[in-house]
Amino acid sequence: MNAIFPDTTLSVGGLTSYLKELLEGDRNLRSVWLIGEVSNVSQHSTGCYFTLCDTDKSAAIKCVVWTYQQKKLVKMPVKGEQLLVFGSIDVYKPRGDYKLIVSQSLPGGEGLEALRLQQLRSRLEAEGFFDPARKRPIPVHPQIVAVVTSDTGAAWGDIQRTLAQRYPGLRVLLSPTLVQGDLAAAAIARAIDLVELDGSADVIILGRGGGSAEDLACFNDERVVRAIANCAIPIITGIGHERDESLADLVADKRAHTPTAAATQAVPILADIYSEHKQRMLNLASVVRARFETESENLQLLKNRLKQLPTTSRTLRQATGKLEVLQEKLAALNPAAVLERGYAAVIQSDGTIVRQTDGLELGEELTVRLSRGVLKVKIVEVLDAE
């Protein structure tokens, strides 16, 4: 090295290599979101080259989307449009410049808002706000329904009309609020808190009619989501139209497509309940009547049997009389009864009953059985029968 230059002097390549290593090694520069206006778009076989600059043209950066990556982009770069891009910093040594290697791009204004909304949704989801297990049942027959909406909007009228038609006599409380604009989110959260503080409502309807994404943005606000999640009273949302889905819908205990549909889900049709009750009463009366008729028939059968009881009684008395006669005859034939009247049974040694004197011998021993006791006797004399 020439002595007139310091020893730390670098070559151009050395400096560029150092900068390349420095920039490409920075973690923050490997995942960069940028938003700006697109200019100088040119398509080549290797990729789409363009410049992204601030709207006041005070700063710009070269960008490229490699050809194989372009099909993954949500929005291709178009000159003059706002674009939100994601990529990493790359240093090109031959020219000593740097550029952003783009891997994703979204429409500028809407894309940025969509990205913010997605990030908020992911964070709240990670905290469990949208877990179905958190959702509470809606009371089947609420006595008081609170409505959080604008008191000048069409949604308020639709909800009142629907509730009155379905459930006449229902008490409806209005907690008025803004439902559009920068102040709406805080106002909605406050209106929900007031209903909870009052403590009389059984269910809350949070409603608003249709509108643009900007009009409905307050229902994607974190303050509204947390107010719904922390409210002790179940909440039904009816926001916008069927195609709209807000974070408020995701955290609510029940979601309806419109304010009218939310009112429909809040209460049943009272007339249907009366009709069902009336039908149950008719069915019950029919069952009771059928049972009464069956029991009446059974009672009649018992009456008929009772009428036959006199004949049966006479037969029983006749049978009893016959039995008594038979018992008397049987008693008369009983040997013990004969002995009881003073007679005796004379029995020979071989057990033969003595009925006459023929065949008896003097000195023969006999057994005499009395009513009470037995005698052993000996024949001392045989007398002739009279």
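Biologist: In this predicted model, between which two strands is the loop that holds T55?

Modeller: T55 is not placed in a strand here but is found in a loop. The strands that flank this loop cover residues 47–53 on one side and 60–66 on the other, and they are called β2 and β3.

Biologist: Is T55 buried or exposed?

Modeller: A residue counts as exposed when its relative accessible area is over 50%. The relative accessible area of T55 is 55%, and therefore T55 is classed as exposed.

Biologist: Which residues is T55 in contact with, leaving aside its neighbours within four places in sequence?

Modeller: Contact here asks for heavy atoms within 4.5 Å. Once the neighbours within four places in sequence are left aside, the residues in contact with T55 are E37 and Q82.

Biologist: In what order do the strands of the closed barrel run?

Modeller: The closed barrel is made of five strands, and their pairing is mixed. Neighbouring strands of this sheet are turned against each other by 50° on average, with direction ignored. Followed around the barrel, the order is β1-β2-β3-β5-β4.

Biologist: Over how many bridges do β2 and β3 pair?

Modeller: Strands of a sheet pair through backbone hydrogen bonds, and this pairing can be either parallel or antiparallel. For β2 and β3 the sense is antiparallel, and one of the bridges joins C48 to its partner V65 in β3. The pairing of β2 and β3 extends over seven bridges.

Biologist: How many aromatic pairs are there, and what is the pair of W33 and F86 called?

Modeller: Ring centres must lie within 6.5 Å to form a pair, and the count comes to two aromatic pairs. In the pair of W33 and F86, the ring centres are 5.0 Å apart and the planes stand at 50°. W33 lies in strand β1 and F86 in strand β4, so the pair ties together parts that are 53 residues apart in sequence. Planes from 30 to 60 degrees apart fall between stacked and edge-to-face, so this pair is tilted.

Biologist: What is the pair of Y49 and W66 called?

Modeller: The rings of Y49 and W66 have their centres 6.3 Å apart and their planes at 85°. Because Y49 lies in strand β2 and W66 in strand β3, the pair ties together parts that are 17 residues apart in sequence. Planes over 60 degrees apart meet the cut-off, so the pair is edge-to-face.

Biologist: Which class of accessibility does Y49 have?

Modeller: The class between buried and exposed runs from 20% to 50% relative accessible area. Y49 has a relative accessible area of 27%, so Y49 is partly exposed.

Note on methods:
Residues are numbered from 1 along each chain as its sequence is written. This is a predicted model: local features need pLDDT of at least 70, side-chain atom pairs count only at pLDDT 80 or more; totals for chains, interfaces and linings use all residues. Side-chain values use heavy atoms; hydrogens and water are left out. Helices (H or I, at least four residues) and strands (E, at least two) are DSSP runs, numbered from the N terminus. Buried means under 20% relative accessible area, exposed over 50%, partly exposed in between (1.4 Å probe, protein chains only). Two strands pair if DSSP finds at least two bridges between them. Axes are lines fitted to C-alpha atoms, for helices over the stretch in contact, and angles run from 0 to 180 degrees between N-to-C directions. Rings of Phe, Tyr and Trp (its six-membered ring) pair if their centres lie within 6.5 Å; planes under 30 degrees apart count as stacked, over 60 as edge-to-face and the rest as tilted.
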